Amino acid sequence: MTTHPDQRYLDGLLSNDTRLVQEIYERFAGKIRRFITQHQGSDEDAADIFQEAIMDLYHQARHKELRLTCPFEPFFLLICKRKWLNELKKRGRQPVTKKLDDLYDVGEDVFAAAEKVVQEEAQAGMFLEQFARLGEKCREILGRYLAGEAQEQIAQAMGVTYGYLRKKKSECMATLLSYVQKQQTRL
């Protein structure tokens, strides 16, 4: 496997490059804080998890010659999320999924999960591109529908009948699916 260009982040940690370390904090700390505070944690918990993940990556790069074969962001976010979920299990006195000895051992399952996240993000990006190709009315109908709004409410808000909305939604979905299928055959 080839090394991903985001290896620069690990190299920056190893060389104590303050510019790259600062970039890691600026780009990813907010996402980690939001995730943790939305999942029963505090800002202090988020700072601790973030710092622990940075240290884990540093140790992996220094002592086990970790090389990134996927983008840094999903890999790092996955590490932080797993650390937080393990912390929640500890607090709940449930068995922890990783032993203490394994804290510095980022296994193949993490790489596989990171690759899956990258693939899902690519698919979501492709879906959004095809969604943007739809007409304004279709984007509005499907956007509201996918957001969980009831069809009756959508019809009323748009000033159309329920029957028309259902028919139009089906047509829009068929168009979107055809766009997605055509794009997938090109890949």
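**Figure 1. Phe127 and a nonpolar surface patch.** Phe127 is found in helix H5 of this predicted model. With a relative accessibility of 30%, the residue Phe127 is classed as partly exposed. Together with Leu128, Tyr145 and Leu146, Phe127 forms a nonpolar patch on the surface, and the accessible area of these residues together is about 380 Å². Two elements give two or more residues to the nonpolar patch, namely helix H5 (108–133) and helix H6 (136–146).

**Figure 2. The disulfide between Cys138 and Cys172.** The structure holds 1 disulfide. A disulfide is a covalent bond between the sulfur atoms of two cysteines. Here Cys138 is joined to Cys172, with an S to S distance of 2.0 Å. The two cysteines link distant parts of the chain: Cys138 belongs to helix H6 and Cys172 to helix H8 (residues 162–186), and they are 34 residues apart. The disulfide is left-handed because the torsion about the S-S bond of Cys138 and Cys172 is about -75 degrees. Both Cys138 and Cys172 are buried. Another cysteine, Cys80, is also buried, with a relative accessible area of 1%.

**Figure 3. Phe76 and the residues that it touches.** Phe76 is placed in helix H4 (residues 72–91). Is this side chain's residue, Phe76, buried or exposed? Phe76 has a relative accessible area of 0% and is therefore buried, since buried means under 20%. Leaving aside residues up to four places away in sequence, Phe76 touches Phe28, Ile32, Phe50, Ala53, Ile54 and Leu57. One of these contacts, Phe50, is 26 residues from Phe76 in sequence, while their C-alpha atoms are 9.2 Å apart in space.

**Figure 4. Helix H1 and the elements that cover its buried residues.** Helix H1 comprises residues 7–14, and its buried residues are Gln7, Tyr9, Leu10, Gly12 and Leu13. Which elements cover these buried residues of H1? The cover includes H2, helix H3 (43–64) and H4. Just after H1, Asn16 adopts a positive phi of about 55 degrees.

**Figure 5. Salt bridges involving Arg27 and Glu23 in helix H2.** The model contains 10 salt bridges. One of them joins Arg27 to Glu23, and their closest N and O atoms are 4.0 Å apart. Arg27 and Glu23 are separated by about one helical turn because they are 4 residues apart in helix H2. An α-helix has 3.6 residues a turn, so residues three or four places apart point the same way. The partners have unlike surroundings in terms of exposure class: Arg27 is partly exposed at 41% relative accessibility, whereas Glu23 is buried, with a relative accessible area of 18%. Arg8, Glu23 and Arg27 are linked in a network of salt bridges.

**Figure 6. A salt bridge between helix H3 and helix H4.** Asp56 forms a salt bridge with Lys83, and the closest N and O atoms of the pair are 2.9 Å apart. Because Asp56 lies in helix H3 and Lys83 in helix H4, the pair ties together parts that are 27 residues apart in sequence. Asp56 and Lys83 are both buried.

**Figure 7. The salt bridge of Glu149 and Arg144.** The closest N and O atoms of Glu149 and Arg144 are 3.6 Å apart in this salt bridge. Glu149 is partly exposed, with a relative accessible area of 25%. Arg144 also counts as partly exposed, at 25% relative accessibility.

**Figure 8. Arg34 in helix H2 and its distance to Ala46.** Arg34 lies in helix H2, which spans residues 18–38. The relative accessible area of Arg34 is 41%, so the residue is partly exposed. Arg34 and Ala46 are 12 residues apart along the chain, and 8.3 Å separates their C-alpha atoms.

**Figure 9. Residues 98–105, where pLDDT stays under 50.** The protein has an average pLDDT of 82, and 82% of the residues score at least 70. Over residues 98–105, by contrast, pLDDT stays under 50. For residues 98–105 the model has 11 contacts beyond four places in sequence. Where pLDDT is low, the predicted coordinates should not be read in detail.

Terms used
Residues are numbered from 1 along each chain as its sequence is written. This is a predicted model: local features need pLDDT of at least 70, side-chain atom pairs count only at pLDDT 80 or more; totals for chains, interfaces and linings use all residues. Side-chain values use heavy atoms; hydrogens and water are left out. Patches are made of residues with over 30% relative accessible area and no salt bridge: like charges are joined within 9 Å, nonpolar side chains (Val, Leu, Ile, Met, Phe, Trp, Tyr) within 5 Å. Accessible areas come from the Shrake-Rupley method with a 1.4 Å probe; for residues, only the protein chains shown count as cover. A salt bridge is a side-chain nitrogen of Lys or Arg within 4 Å of a carboxyl oxygen of Asp or Glu. Buried means under 20% relative accessible area, exposed over 50%, partly exposed in between (1.4 Å probe, protein chains only). A disulfide is a pair of cysteine sulfur atoms within 2.5 Å. pLDDT is the predictor's confidence in each residue, from 0 to 100. Contact means heavy atoms within 4.5 Å.
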